[in-house]
Amino acid sequence: MSSSTTPALARFNTSDDGTARSVLHEVCASRAWGSKILAQRPYATTDALFAASDAAMAELTAEDLAEAMAGHPPIGRPKPGDPTSNREQSGMAGASDELKAEMLELNLAYQEKFGHVFLICASGRTGEQMRDALRNRIDNSPEQEREIVRVELGKINRIRLTRIAETAEGDAA
C-alpha cells in the first residue's frame, strides 16, 4: 500500500464535501460510514484511509449495515451499466446457465432467510466459489451472517477505496 499521499488521494482530500460524499457513497452506501470517512480527511496515506474505513465499518449498527448492503446488487445480477458492479462480479460472466439458475435460487432462499442480498467480496472469485460460499453461509445464524457481511463489506470498501486513492479513477473525486 501507499506510504505517501498519492495525487489521487490528495484530490480526494481537497475535494469539496459534497463531491467527496458522493464518491464515498459509490464505495459504500452507508451514510454513517461515509460521514466517518469524510470527517477524518485529510488522509496522509492509503493505509490511513483503509484504517479509517476499517474502524468505521466496525462501528456500523445493524441498520447501517443494511443500508450498506442495499447498495449491492445480487451476485449474478450486476447493476446494468455499472462498470464497478460488472468488474466485481466478473466471475459470474462466463457461468453456465445451470450455475446462473442455481445462484438465482440460492440468492432468493438467502434473501428470504436474512432479509437482504447475499454479499461477498466477489473480486477474483469464480461463479462456483461464490455459489459454494452461498451454500455454506445460508445455514448461518443472522448474527453470524451479519459479522461475515461486515468483513466482506470491509474487503469491498478497500478495493473501491484503492481506486479512489491510487488510480486515475480518483480524478472523479
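Which residues are buried in helix α8 (residues 127-137)? Here are a few notes on this predicted model, starting with that helix.

1. In α8, the buried residues are Gly127, Met130, Arg131, Ala133, Leu134 and Arg137. Viewed down the axis of α8, these residues fall within an arc of 160°, so they line one face of the helix. As for their partners, the buried residues of α8 pack against α7 (97-114) and α9.

2. Helix α9 (residues 142-166) also has a partner in helix α4 (residues 46-59): their axes come within 10 Å and cross at roughly 150°. The two helices are therefore roughly antiparallel to each other, and their crossing is right-handed.

3. If you would like to look at that contact in detail, α4 contributes Thr46, Leu49, Phe50, Ser53, Asp54, Met57, Ala58 and Glu59. Facing them from α9 are Arg150, Leu153, Gly154, Asn157, Arg158, Leu161, Thr162, Ala165 and Glu166. Sorted by class, this contact holds seven nonpolar, five polar and five charged residues.

4. Helix α4 packs with helix α3 (residues 31-39) as well, at an angle of about 145° and with the axes 9 Å apart. The crossing of α3 and α4 is right-handed.

5. Which residues of α3 meet α4? They are Trp33, Lys36 and Ile37, and on the α4 side they meet Leu49, Ala52, Ser53, Ala56, Met57 and Glu59. By class, the contact of α3 with α4 has six nonpolar, one polar and two charged residues.

6. One detail to look at on screen: Leu49, Ser53, Met57 and Glu59 of α4 are listed in the contact with α9 and also in the contact with α3.

Technical notes
Residues numbered from 1 in each chain as written. Predicted model: local features only at pLDDT ≥ 70, side-chain atom pairs only at ≥ 80, totals over all residues. Heavy atoms only, no water. Axes fitted to C-alpha atoms, helices over the stretch in contact; angles between N-to-C directions. Helix = DSSP H or I, 4+ residues; strand = E, 2+ residues; numbered from the N terminus. Parallel < 35°, antiparallel > 145°, perpendicular 65-115°, else oblique. Left-handed = near helix turned anticlockwise from the far one by under 90°. Contact = heavy atoms within 4.5 Å. Nonpolar A, V, L, I, M, F, W, Y, C, P; charged D, E, K, R; others polar. Buried < 20%, exposed > 50% of the residue type's maximum accessible area, 1.4 Å probe, protein only. Arc of directions from axis to C-beta.
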